[in-house]
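Got your viewer open? Let's take a walk through this model, one selection at a time.

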Amino acid sequence: MKIDWAALGSVFGVSLVVTVALVGLFTLGVSGLARRERAAATGGSAPLAATGAYACFAACAAAVAYGFYLIVA
């Protein structure tokens with residue numbers, strides 16, 4: 001059995017970068033929702049924070065759906 005180490009390293013690197021990016025994007029979404037809640041508690045309004053949070057969550061969902069598409073196809 002022969003292992004293609006270059007291909008294995010490439011898959012590892014891409015997986016690591018995409019995982020860190022998705023976690024960071026989800027963290028930005030959670031932070032945006034927390035900022036919106038904080039603004040609502042003080043009587044303010046933060047529609048930009050909520051919109052950004054939902055956009056981050058939508059991007060995460062789209063990336064996961066694309067991953068499923070790549071696996072199934």
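Start by selecting Gly29, Gly32 and Ala39: these residues of H1 are buried. Keep in mind that what you see is a predicted model. Now look at what sits over them: the cover of H1's buried residues includes H2.

**The whole chain**

Zoom out and show the chain as a cartoon. You'll find two helices and zero strands. The C-alpha atoms fill a box of roughly 65 × 20 × 15 Å along the principal axes. How does the radius of gyration compare with that of a compact globule of 73 residues? Such a globule would come out near 11 Å, but this protein chain has 18 Å.

Next, turn on the surface. The chain exposes about 5,600 Å², and carbon and sulfur atoms supply 75% of that. Just 12% of the 73 residues count as buried, and you've already met Gly29, Gly32 and Ala39 among the buried ones.

**Along helix H1**

Select residues 5-41, which make up helix H1. Try a little check with the distance tool: at 1.5 Å a residue, the 37 residues of H1 should span 54 Å, and because the end C-alpha atoms are 54 Å apart, the two values agree.

While you're here, click on Arg36, which has its place in helix H1. Is Arg36 buried or partly exposed? Its relative accessibility is 27%, so Arg36 counts as partly exposed. Show what surrounds it: setting aside neighbours within four places in sequence, Arg36 is in contact with Ala46, Ala49, Ala50 and Tyr54. Then draw a line from Arg36 to Tyr66: they are 30 residues apart in sequence, and their C-alpha atoms are 29 Å apart in space.

Move on to Gly43, just after H1. Gly43 takes a positive phi of about 90 degrees.

**Along helix H2**

Now select residues 47-72, helix H2. Repeat the check: 26 residues at 1.5 Å each should span 38 Å, and the end C-alpha atoms are 37 Å apart, which agrees.

Which residues of H2 are buried? Highlight Ala49, Ala50, Ala53, Cys56 and Cys60. Bring H1 back into view as well, since H2's buried residues pack against helix H1. Two of these residues should look familiar: Ala49 and Ala50 are among the contacts of Arg36.

**The two cysteines**

Stay with Cys56 and Cys60 and show their side chains. Cys56 has 12% relative accessibility, so it counts as buried. Cys60 is buried too, with a relative accessible area of 10%. Why don't Cys56 and Cys60 form a bond? The sulfur of Cys56 is 6.9 Å from the closest cysteine sulfur, in Cys60, and that is too far. A disulfide needs the sulfur atoms within 2.5 Å. The structure holds zero disulfides.

**The aromatic pairs**

Last stop: the rings. How many aromatic pairs does a search of the whole structure find? There are two. A pair of aromatic rings is described by the distance of the centres and the angle of the planes.

Select Phe26 and Phe57. Their ring centres are 5.2 Å apart and their planes lie at 55 degrees, so this pair is tilted. The pair links distant parts of the chain, with Phe26 in helix H1 and Phe57 in helix H2, 31 residues apart. Phe26 is partly exposed, with a relative accessible area of 45%, and Phe57 counts as partly exposed at 22%.

Then pick Tyr66 and Tyr69, which form a stacked aromatic pair: 6.3 Å from centre to centre, with 25 degrees between the planes. Tyr66 and Tyr69 are three residues apart in helix H2, which means about one helical turn separates them. An α-helix has 3.6 residues a turn, so residues three or four places apart point the same way. Colour both tyrosines by exposure to finish: Tyr66 is exposed, and so is Tyr69.

Notes
Residues are numbered from 1 along each chain as its sequence is written. This is a predicted model: local features need pLDDT of at least 70, side-chain atom pairs count only at pLDDT 80 or more; totals for chains, interfaces and linings use all residues. Side-chain values use heavy atoms; hydrogens and water are left out. Helices (H or I, at least four residues) and strands (E, at least two) are DSSP runs, numbered from the N terminus. The expected span of a helix is 1.5 Å times one less than its number of residues. Buried means under 20% relative accessible area, exposed over 50%, partly exposed in between (1.4 Å probe, protein chains only). Contact means heavy atoms within 4.5 Å. The radius of gyration is taken over C-alpha atoms; the globule rule is 2.2 Å times the number of residues to the power 0.38. Accessible areas come from the Shrake-Rupley method with a 1.4 Å probe; for residues, only the protein chains shown count as cover. Rings of Phe, Tyr and Trp (its six-membered ring) pair if their centres lie within 6.5 Å; planes under 30 degrees apart count as stacked, over 60 as edge-to-face and the rest as tilted.
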